[in-house]
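Work through these exercises with the model open beside you. Try each task before reading its solution.

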Amino acid sequence: QFALDLEDDNTTFNPEYSHQVFGDDEVAFGYKGLKILLYYIAGNLSTLFRIEYTSKVNEKFDCVEADDVESKIREIIPPGFCTNTDDFVSLLEKEVNFKPFGTLLHTYSVHNEEAGEDITYQIYKADMTCPGFREYHERLQTFLMWFIETASFIDVDDERWNYFLVFEKYNKDGATLFATVGYMTVYNYYVYPDKTRPRVSQMLILPPFQGEGHGAQLLETVHRYYMSSPTVLDITAEDPSENYVKLRDFVLVKLCQDLHCFSRGKLMQGFSQEMVMEAQQKLKINKQHTRRVYEILRLRATDMGDAEQSRSYRLDVKRRLIGPYKKKQRELAKMRRCLRPEELTNQLNQIDLNMQHEQLEESFQQLVSDYRRVLERLAQA
C-alpha cells in the first residue's frame with residue numbers, strides 16, 4: 001500500500017506451498033542465502049520480482065548447475081513485471097486511479113484493534129468483459145500456486161466462470177484507495193433441462209487478512225447472489241478442503257437457522273424432506289449440506305446432559321455415518337457368492353466389526369467437536 005511497506009517485514013508473508021513450482025521436496029538447489037522476492041501493489045497487483053543470493057554454484061563445482069529459479073517463477077507470473085524497485089514505486093503513485101472491477105454486491109466493516117477503528121470492505125462480482133480485469137486476474141491467480149495445495153489456472157475464455165472479489169478501502173494522502181483481500185471463482189454447470197448448478201472452484205483470502213471473517217462474508221454474499229436466481233438449482237464446491245467445509249457449515253447454518261423447518265420442534269422430530277425442499281428452494285442448498293445443517297442445529301437444540309436426548313441424537317447421526325460400513329457389508333455378501341474360501345478370509349480380515357464400531361464412535365466424536373465450534377462461532381456472530 002505504501003512505499004515503506006517494502007522495508008517492513010510485518011507486511012511480508014511466506015508461501016504455504018511451493019511444491020507446484022519447486023517439486024515435491026520444495027528445494028531450490030545451488031544457492032547460498034537465496035531470497036525470492038515478490039511484491040504486489042495492493043490494488044491492481046502490479047508485480048516486482050527479484051532474486052537475491054550470496055553465492056551460487058557453477059559448472060566447475062562437480063559439473064552441476066544451479067536450478068534456474070527465475071525461469072520457474074516466470075512460468076507462473078505474467079510478463080510485464082518490474083525488476084527494479086524505483087520503477088515499482090513509481091507505479092505505486094498511480095494506484096489512486098485503481099478502482100474495483102464489476103458490480104458492487106456487499107459492503108461491510110471489521111473492527112481493527114491495532115488501528116482502533118472500523119475498516120470498510122467491499123465485495124464485487126466481475127467477469128472478463130470488465131476492462132483490464134483479464135490482466136488483473138492473471139496477476140491475482142499467481143497466489144493460488146503458493147496457497148492452495150492442488151491449484152491450477154482456469155480457462156478464462158469460458159464464459160461460464162464468475163469471479164467474486166473482496167477489497168479493503170483505505171486512505172492515503174486524503175484519497176480513498178482499494179487493496180485486494182481475496183477472491184472466489186465459481187463455474188456455472190448446466191443442469192437439464194433449464195437450470196444451472198454453480199460450483200465453487202477456488203477460494204483464497206490472502207494471509208494478512210485471514211482470521212478476520214472475510215471468507216464467511218464472501219461465501220454468504222455469493223450464496224445470496226445466486227439465491228435470487230430462479231434458474232439456479234443449488235450451490236456446490238469442487239473438492240473442498242477441511243477449512244472450506246467448516247466455513248461452509250458456519251455460513252449455511254447462519255442462513256438456515258431462521259427457516260420454519262429448522263424450528264426446535266421440527267429438529268427434534270428428525271431430518272425431513274421438508275428441510276430438504278425449503279433449504280433448496282429458498283437458499284439453494286443441496287440435500288447433503290442440508291443434512292449437516294440439520295445435525296448442527298439439532299445439536300444446539302439437544303440437551304446432551306439428558307441421557308435420552310443424547311442417545312437419540314447419537315443414534316440419528318450414526319445412522320448416517322454407518323452408510324459406508326453398510327456398503328462394505330453388501331459388497332461382502334456379493335463376495336461370499338463369488339470368492340474362493342481363501343480369498344474370502346482375506347477380505348474378512350480387512351473388515352473387522354469391532355474396528356468398525358471404534359471408527360464410527362471416533363467419527364461421531366470428531367463431528368460433534370466440529371459442530372460445537374460452528375455453534376460457538378455462531379453465538380459470537
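The exercises below use a predicted model.

**Exercise 1. The nonpolar cores**

Find the residues with the most contacts inside the largest nonpolar core, then list what M184 touches.

Solution.
- Step 1. Start with the largest nonpolar core, which has 94 residues.
- Step 2. Pick out the residues with the most contacts inside this core: F133, Y136, L165, M184, L218 and F262.
- Step 3. Take M184 and set aside its neighbours within four places in sequence. M184 is then in contact with N162, Y163 and F164. Its contacts also include V200, Q202 and M203. L218, L219 and V222 complete the list.
- Step 4. Look for a second core. There is a separate one of eight residues, including L6, L48, F88 and L92.

**Exercise 2. A buried strand residue**

State whether T185 is buried or exposed, and list its contacts.

Solution.
- Step 1. Locate T185: it sits in strand 8.
- Step 2. Check its accessibility. The relative accessible area of T185 is 0%, so T185 is buried.
- Step 3. Leave out residues up to four places away in sequence. T185 then touches I154, W161, N162 and Y163. It also touches R199, V200, S201 and Q202.
- Step 4. Compare with M184. Contacts of M184 include N162, Y163, V200 and Q202. Those four names are also among the contacts of T185.

**Exercise 3. The cysteines**

How many disulfides does the structure hold, and how far from C256 is the nearest cysteine sulfur?

Solution.
- Step 1. Count the disulfides: there are zero.
- Step 2. Take C256. The nearest cysteine sulfur belongs to C261 and is 7.2 Å away. A disulfide needs the two sulfur atoms within 2.5 Å, so C256 is in no disulfide.
- Step 3. Check burial. C256 has a relative accessible area of 0% and is buried. C82 is buried too, at 11%. Buried means under 20%, so both values qualify.

**Exercise 4. The cavity**

Describe the largest cavity by volume, lining and residue class.

Solution.
- Step 1. Count cavities of 30 Å³ or more: the structure holds one.
- Step 2. Give the volume. The largest cavity comes to about 50 Å³.
- Step 3. Name the lining: V200, L219, H223, I235, T236, Y244, R248, L252, I285 and H289.
- Step 4. Assign the lining to elements. Helix 6 (214–227) and helix 7 (242–256) each supply at least two residues. Helix 7 has the largest share, three residues.
- Step 5. Sort by class. Six lining residues are nonpolar, three are polar and one is charged.

**Exercise 5. The second largest pocket**

Which helix gives the most to the lining of the second largest pocket, and which residues are closest to the pocket centre?

Solution.
- Step 1. Give the volume: about 1600 Å³.
- Step 2. Go to the centre. Of the 47 lining residues, M203, S241, N243, Y244 and L247 are the closest to it.
- Step 3. List the elements that each supply at least two lining residues. They are strand 5 (103–112), strand 9 (195–205), helix 6, helix 7 and helix 14 (353–380).
- Step 4. Rank them. Helix 7 gives the most, with eight residues.
- Step 5. Sort by class. The lining divides into 22 nonpolar, 14 polar and eleven charged residues.

**Exercise 6. Backbone features in loops**

Where do L45, K284 and P193 lie, and what marks the backbone at each?

Solution.
- Step 1. L45 is in the loop between strand 2 (35–40) and strand 3 (47–52). L45 is not a glycine, yet its phi is positive, about 65 degrees. Its relative accessibility is 2%, so L45 counts as buried.
- Step 2. K284 is in the loop between helix 9 (273–283) and helix 10 (287–301). Its positive phi of about 60 degrees comes just after helix 9. K284 is buried, at 6%.
- Step 3. Stay with helix 9. Its residues M275, V276, E278, A279 and L283 are buried. The buried residues of helix 9 pack against helix 6, helix 7, helix 8 (264–268) and helix 10.
- Step 4. P193 is in the loop between strand 8 (175–191) and strand 9. The peptide bond from Y192 to P193 is cis, with omega near 0 degrees.

Key: Residues numbered from 1 in each chain as written. Predicted model: local features only at pLDDT ≥ 70, side-chain atom pairs only at ≥ 80, totals over all residues. Heavy atoms only, no water. Core = buried A, V, L, I, M, F, W, Y, C linked by side-chain atoms within 4.5 Å. Buried < 20%, exposed > 50% of the residue type's maximum accessible area, 1.4 Å probe, protein only. Contact = heavy atoms within 4.5 Å. 1 Å grid on protein atoms, 1.4 Å probe; cavity = no way out; pocket = protein on both sides within 12 Å on 5 of 7 lines; lining within 4 Å. Points joined across faces, edges and corners; volume = space filled by probe spheres on them. Helix = DSSP H or I, 4+ residues; strand = E, 2+ residues; numbered from the N terminus. Nonpolar A, V, L, I, M, F, W, Y, C, P; charged D, E, K, R; others polar.
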